[in-house]
Amino acid sequence: MHAASANGIIDMHCHTAGIGAGNSGCFISPAMRKSWRYRVFLKAFWVTEEQLLQEGDALVMRRISERLAASQRVTAAVILAMDGAVDGNDELDRNSTEMYIPNDFVAAETAKYPNLLFGASINPLRHDALTRLEKAAADGAVLVKWLPSIQHFDPADEHLIPFYLKLKELGLPLLTHTGTEHSFTMTRNELGDPERLRLPLSLGVKVIAAHCGSCGRNEGESNYRRFLRLIDEFPNCYGDISALTQINRKWHLTRLLKKGVSGQLLYGTDMPLPNTVSVTPYAFPIKLSPRRMVELSRIANPWDQDVALKEALGVPEQVFSNANNVLRLPVPTP
């Protein structure tokens, strides 16, 4: 029973990390491990590689739970698994996968903590995708996460219709990356086009466009405009505001809030990014006074600072509670 899941603010977009330590089943490609981002992300997760090798990848989720428990504003976080690309036999293709965090690992670890929720990830091209989807639901998944541009499939592919119908049957929302992806090297960014989500939306699936298409272009049009068209057209289309306070996206949140779509926006952090230099209150001197920027920068807990910064930038109260009505949350026991 996740006591913290039904009330309070839920961060519905929180990552974890793993290198395969402690038989987690996770892996990171050699190229990714050589990247500067690797060390930055480990530090942002409050761990070192040496600690993971000694204690296992489960340490990351323990650290997240501990820091989250100290938050005065956010009561729970959805920890996202990350499936990989698949090969010609519809099995995991390790050569084309830069990061893999299996569902079983995330389900088992989140079950240990009252403030962590399980976000599954399933490449729909897997030969057993529907079986994996049913198992994820049985294991308590509150959503399914996709990153098509690195998992190398097209959300508009009609072969995915059975997967979409099973999502709808199980009541699982689909959180899928929209816009350009910057953190990986083998990306096909045309697959992050929001317009490719028309198929699941037309079938009645709850679709959450991660980052609201806030960067990149497709067919000569900004992904942001393509996202807005969908959110206007489909009441089952949502966007999450994770990453929208990053320095490279700092104008997106303000213009999004002017569109009057707060009922379809969900709160997320894209943790660990708020715990890095890519997010700082000092990036908003036009919207915030010097005194306010200093006050926000002094908030030690990264979740509390993230909520306070987004409130200061005008995010209405409703957005912080919308996830409670969209996610497939566990039913509280008496």
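Helix 4 (residues 58–69) keeps Leu59, Val60, Met61, Arg63, Ile64, Ser65 and Leu68 buried (under 20% relative accessible area with a 1.4 Å probe, protein chains only). This is a predicted model, where local features need pLDDT of at least 70, side-chain atom pairs count only at pLDDT 80 or more, and totals for chains, interfaces and linings use all residues. Residues are numbered from 1 along each chain as its sequence is written, and side-chain values use heavy atoms, with hydrogens and water left out.

**Around helix 4**
- Those buried residues pack against strand 1 (9–15), helix 3 (49–55), strand 3 (74–80), helix 5 (103–110), strand 5 (116–120) and helix 13 (302–312); contact here means heavy atoms within 4.5 Å.
- Helices (H or I, at least four residues) and strands (E, at least two) are DSSP runs, numbered from the N terminus.

**Cores**
- The largest nonpolar core, meaning buried Ala, Val, Leu, Ile, Met, Phe, Trp, Tyr and Cys residues joined through side-chain atoms within 4.5 Å, has 88 residues.
- Ile64 of helix 4 is among the residues with the most contacts inside that core, along with Leu167, Ile241 and Leu256.
- Leu167 touches Leu133, Val144, Leu172, Leu174 and Val205, leaving aside residues up to four places away in sequence.
- Then there's a second, separate core of 17 residues, with Ala76, Leu117, Leu143 and Val326 among them.

**Whole chain**
- The protein chain has 15 helices and 12 strands.
- Its C-alpha trace spans about 60 × 50 × 50 Å along the principal axes.
- Of the chain's 334 residues, 59% count as buried.
- Residues 24 or more positions apart make up 76% of the contacts with a separation of 6 or more.

Technical notes:
Buried means under 20% relative accessible area, exposed over 50%, partly exposed in between (1.4 Å probe, protein chains only). The expected span of a helix is 1.5 Å times one less than its number of residues.
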